[in-house]
Amino acid sequence: MEIREEIKSAVGEVLKDLGVDQFELILARNLLHGDFSTNISLTIFHKTNQKFANPLELATHIAKELQQKLPNMDRIEASAPGFINFYLSGENLLEVLDRVLSEKEKYGEGESLEDQRIVLEFAHPNTHKLFHIGHLRNITVGESLARLLQFQKGKITRANYQGDVGLHVAKAVYGLQSTDYSLGDLEKKTINEKIKFLSQAYVDGNKAYEEDADAKIKINEINKSLYEKDSEFSKLWEKTRSWSLEYFDEIYKRVGTKFDRLYFESEVAEDGKKIVLENLDKVFIKDDGAIIFSGENFGLHNRVFINSIGLPTYEGKDVGLAYLQVKEFAPDRIIHVVGPEQIGYFEVLFKALEEISPEFKNKQLHLEYGFVRLKEGKMSSRKGDVVEGEWLLDEAKKRLKAQFEKMDERTLEQVAVGAVKYSMLKFGRKSDITFSFEDSISLEGNSGPYVQYSFARTQSVLAKIRNPKSEIRNKSQIPNLKLEKEEELVLRLVSQFPMIARDSADNFAPNTLANYLFELSQAFNNFYQNHKIIGSEKEDFRLKLTSGVGQVLKNGLYLLGIEAPEKM
């Protein structure tokens, strides 16, 4: 049982003896005062019928009772005004270190989501458009969440819902037709050249749509015809769509993501429309030629699900998507990683689905994430001033190469991708970000390269022990081991990794893990700078400690979707 769970169980027993059956125990990390701390005595003091003079007296009583029930604790102390602080014993900390070395990549695994089936939907780039910095944050957060949830035994399906039909595609097709393009000539170009051409066609088509009334009519006609599989534009649509998918696939590989299922608006549009029509006058109503859901009846806003020319909107297509996902995977939850501008949209969509069928009640969740802000202002693919995701990765790599001339190409790629990803994960998921190259590639401060370098440092130490006399002896007992303060801090941090991993998954918060890895890296580097490892009197223990830190950093980086290079 996880140490934190043991504490909760023991606290429950003590409070039951005090006549308190209902309580919420929050255990906080508190390295200034032991390993864990709780204010439970402050929250339940009023329930004890004045048996104690104040919360501190109650905390003192609880601490004394717990000391008998928790042998893993070196001591349990009360502090004003009513906190209870828990200190793991040195013996227990050493046992944790042995666990790390035995369990390796499985150290820290939990079971809070055991057997839960979850469809995690993220990335969502539209075809015929560039993959921009916002998509990069989306896929970075989504992949990390997928790994964190899997680490808690969740059965995760990585899904990617992409817009391959709609007005944006019609604008791109129109833009293509307005040029002297030749499919044969374009086929000879690289995939990046094709995408540049295609994205510019979209920008041109959008400009025409906004400024030319005749062009707007034509684009609307193209949009309608694209839903008909055998329209005159089908060949052009299929070919250009395939370019986008090839382009996206290269990016997915580069950032370490592989999807289990790619969904497209074109495959769910007709079914979504059908389901909406089947529920007309039951869930949906006609309004000025369109079919809408009256969200205002539920304290929300109204939204159109089929427009006045008979085409399903995003909402209508999402109805078809929800039914298809349930049919294919029978998920307990469907989680959508989508930006904050869609909060109101999802509130209405989820309510409409619940009204169509009770099987959707509490099944879907919208996880929003903040914008990636730029000094120049908000991006707009319509205007063409998009910061490409690949450009960001390439620029980070270019700057790293100038800083580390001897770093090989593979490591440069690992560190560059890790730098960009970490810079987007260390902040709270909902917070907005202003991306900084200087901060992201720095080997000082809270950055991906700093954590990666800390891992590489552990491997550099371990690489020096290549003879039988210097092997790390797992399960070795070191009698009367006295821990230095730097060693003790590192050990306490290592022991908290399972809790950090679970909290990061439970709260959909990769930033909790990212900042913990930075804290552990700082503690290890401080230990490394202040104490000799190989050749010291405590060589065996310190090598074990170094190996344990390396394993935890590697496990944690993996959960963030970041590679751990052994040399930097």
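**Figure 1. Charged side chains over aromatic rings in the predicted model.** Lys-171 lies over the face of Tyr-209, at 4.7 Å from the ring centre. A second view shows Arg-241 over the face of Phe-264, with a distance of 4.2 Å to the ring centre. Arg-241 also takes part in a salt bridge, with Asp-164.

**Figure 2. The salt bridge between Asp-164 and Arg-241.** The side chains meet at 2.8 Å, N to O. Asp-164 is in the loop between β6 (155–162) and α6 (167–177), while Arg-241 is in helix α10 (residues 234–254), so the bridge ties together parts that are 77 residues apart in sequence. Both Asp-164 and Arg-241 are buried. The structure holds 36 salt bridges.

**Figure 3. Surroundings of Gly-166 in the loop between β6 and α6.** Gly-166 counts as buried, because its relative accessibility is 8%, under the 20% cut-off. Leaving aside residues up to four places away in sequence, Gly-166 touches Asn-223 and Tyr-227. Pro-312 is 146 residues from Gly-166 in sequence, yet their C-alpha atoms are 9.6 Å apart in space.

**Figure 4. The salt bridge between Arg-303 and Glu-315.** The N to O distance between these side chains is 2.5 Å. Arg-303 belongs to strand β10 (residues 303–306) and Glu-315 to helix α12 (residues 314–329), so the pair ties together parts that are twelve residues apart in sequence. Arg-303 is partly exposed, with a relative accessible area of 23%. Glu-315, at 6% relative accessibility, counts as buried.

**Figure 5. The salt bridge between Glu-487 and Arg-542.** Here the side chains meet at 2.6 Å, N to O. Glu-487 lies in helix α18 (residues 485–495) and Arg-542 in helix α21 (residues 539–560), so this bridge ties together parts that are 55 residues apart in sequence. Both Glu-487 and Arg-542 are buried.

**Figure 6. A network of salt bridges.** The residues linked in this network are Arg-254, Asp-394, Lys-397, Glu-409 and Glu-413. Asp-394 and Lys-397 fall within the residue range of helix α14 (389–403), the helix that holds Trp-391.

**Figure 7. The aromatic pair of Trp-391 and Phe-437.** The model counts 21 aromatic pairs. In this one the ring centres are 5.8 Å apart and the planes stand at 80 degrees, so the pair is edge-to-face. Trp-391 lies in helix α14 (residues 389–403) and Phe-437 in helix α16 (residues 437–440), so the contact ties together parts that are 46 residues apart in sequence. Trp-391 is partly exposed, at 42% relative accessibility, whereas Phe-437 is buried, at 12%.

**Figure 8. The aromatic pair of Phe-524 and Tyr-528.** The ring centres are 6.2 Å apart and the planes meet at 40 degrees, so the pair is tilted. Both residues lie in helix α20 (residues 510–530), four residues apart, which is about one turn of the helix. Phe-524 is buried, with a relative accessible area of 0%. Tyr-528 is partly exposed, at 31%.

**Figure 9. An aromatic cluster.** Ring pairs link Phe-122, Phe-131, Tyr-247, Phe-248, Tyr-252 and Phe-259.

**Figure 10. The hairpin of β3 and β4.** Strand β3 (residues 73–79) and strand β4 (residues 83–88) run antiparallel and are joined by six bridges. Ala-78 has Ile-84 of β4 as its bridge partner. Three residues connect β3 to β4 in the hairpin. Pro-81 is found in the loop between these strands. The peptide bond between Ala-80 and Pro-81 is cis, with omega about 0 degrees. Most peptide bonds are trans.

**Figure 11. Positive phi at Asn-362 and Phe-508.** Most residues other than glycine have a negative phi. Asn-362 has a phi near 60 degrees and is found in the loop between α13 (343–356) and β12 (364–367). Asn-362 is exposed, with a relative accessible area of 59%. Phe-508 has a phi of about 50 degrees and is placed in the loop between α19 (497–506) and α20. Phe-508 is buried, with a relative accessible area of 15%.

How values were computed
Residues numbered from 1 in each chain as written. Predicted model: local features only at pLDDT ≥ 70, side-chain atom pairs only at ≥ 80, totals over all residues. Heavy atoms only, no water. Phe/Tyr/Trp six-rings, centres within 6.5 Å; stacked < 30°, edge-to-face > 60°. Helix = DSSP H or I, 4+ residues; strand = E, 2+ residues; numbered from the N terminus. Buried < 20%, exposed > 50% of the residue type's maximum accessible area, 1.4 Å probe, protein only. Lys NZ or Arg CZ within 6 Å of the ring centre and 35° of its normal. Salt bridge = Lys/Arg side-chain N within 4 Å of Asp/Glu carboxyl O. Pairing = 2+ DSSP bridges. Contact = heavy atoms within 4.5 Å.
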